[in-house]
Amino acid sequence: MKNILSYTPDELKELMVSLGEPSYRAGQIFTQLHKCISLDEMTNVGKVTKQKLHNALDCSLPNVKRKLTSKLDGTVKYLFELSDGNCIESVVMKYEHGYTICVSSQVGCRMGCKFCASTVAGRVRDLESGEILGQLIAAQKDLGIRISNIVMMGIGEPLDNYDNVVKFLRLVNLPEGVNVGYRHISLSTCGVVPKIYELAKLDLPITLSVSLHASDDSTRSEIMPVNKAWGVDELLDACREYYRSTQRRISFEYTLIAGKNDTKQNALHLANTLNAKLRTRSETMPIHVNLIPVNEVTESGFRSSDKSAVKAFAATLESHGIRATVRRTLGSDINASCGQLRREDAEGDAKGCEEMRKETF
Ligand code: SAH
């Protein structure tokens, strides 16, 4: 059954009419659902209408199966159970400017990045737009807060579930609903190039985050199988096109893995590649590199670079005109990065912690 949160106001109107209900009720129901009031809690909707909707749709929110709260910084990690029993993760972080949620876009992932816990058992299914939105609404309801920023950096590859993700972006932006501005949304991709071009055409002013992790094709293909389909050159061409369409700065994520991609030579290659492709004399794209010491996922065997290597890597980028920041750990005491809580739940084996807050080097 389709989730009620996947419906736009117009789609909900159509549905209400098909159920023999007045269409004006759709707007009331839509707004209440998006303001964290469940169908059963609504006082201005009759029992019969509620029953009809329950019969036609899944009207539930993701259910909190586990919740870990950091004593250090208040970061909250949720393991949510969906109506079919599948589990996904979301993380809520508090910053000076408000709350940010990191949402999942798929149950599992099929992209196969070697360092990532979310992809170890492959993809089970895509999330509906309403299941992505449901994570935010369930977290707001549970915590009694308003979330103002969204990062699509949880489990899954958002551009591998393109239609549902775009619908989610549009739904969450609606003023009569949750109303999060596009500029407060980041979408992270491992580099599904054709979909970056499609997204560029939509001209939504969201921030695109590209998980680069290596700038030479042989290293990148080794740690990110997606690179065999679309190499670094093609990916950076798509980034340039994205910038030309949207005028939005692009963030590059670079996970530092000891002995794999963290040497001075690697930093130089990255700086030279980005400068040659994106920062030419005729066009200087605003870009930013986020350096992330890799979380040591049990299955990968990869080790994190030490602090001095991370510092040196950032300094090399900066000395070549590339802005770089190193992510600081949030929620280090609750020890469960995206993908790892779900695996722990399935197998009783998890380790590590996602690093989300950025700090200028
Ligand atoms: N599929 C998307 C979004 C989900 S992953 C993407 O690839 O961008 C969010 C970010 O976390 C990506 O940059 C990803 O490469 C990174 N990541 C995954 N596993 C990690 C790990 N073990 N340590 C550090 N970063 C990791």
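**Notes on the ligand site and the aromatic rings**

1. Start with the shell around the ligand: its residues split into eight nonpolar, eight polar and two charged. Here Ala, Val, Leu, Ile, Met, Phe, Trp, Tyr, Cys and Pro count as nonpolar, Asp, Glu, Lys and Arg as charged, and the others, Gly among them, as polar.

2. Before going on, note that this is a predicted model, where local features need pLDDT of at least 70, side-chain atom pairs need pLDDT 80 or more, and totals for chains, interfaces and linings use all residues. Residues are numbered from 1 along each chain as its sequence is written, and side-chain values use heavy atoms, with hydrogens and water left out.

3. Which residues come nearest to the ligand? Of the 18 around it (a heavy atom within 4 Å), they are Phe-115, Ser-188, Ser-211, His-213 and Asn-295.

4. Now the polar contacts (N or O pairs within 3.5 Å). A ligand oxygen is 2.6 Å from a side-chain N or O atom of His-213, and a ligand nitrogen is 2.8 Å from a polar backbone atom of Phe-115. The protein covers 94% of the 530 Å² of accessible area that the ligand has on its own (Shrake-Rupley method, 1.4 Å probe).

5. Look at the rings too: there are two aromatic pairs (centres within 6.5 Å; planes under 30 degrees apart are stacked, over 60 edge-to-face, the rest tilted). Tyr-78 and Phe-80 are stacked, 4.9 Å centre to centre with 15 degrees between the planes. Tyr-254 and Phe-313 also have centres 4.9 Å apart, but their planes are at 35 degrees, so that pair is tilted.

Definitions and conventions. Polar contact = N/O pair within 3.5 Å; in protein donor to acceptor, adjacent residues only side chain to side chain. Phe/Tyr/Trp six-rings, centres within 6.5 Å; stacked < 30°, edge-to-face > 60°.
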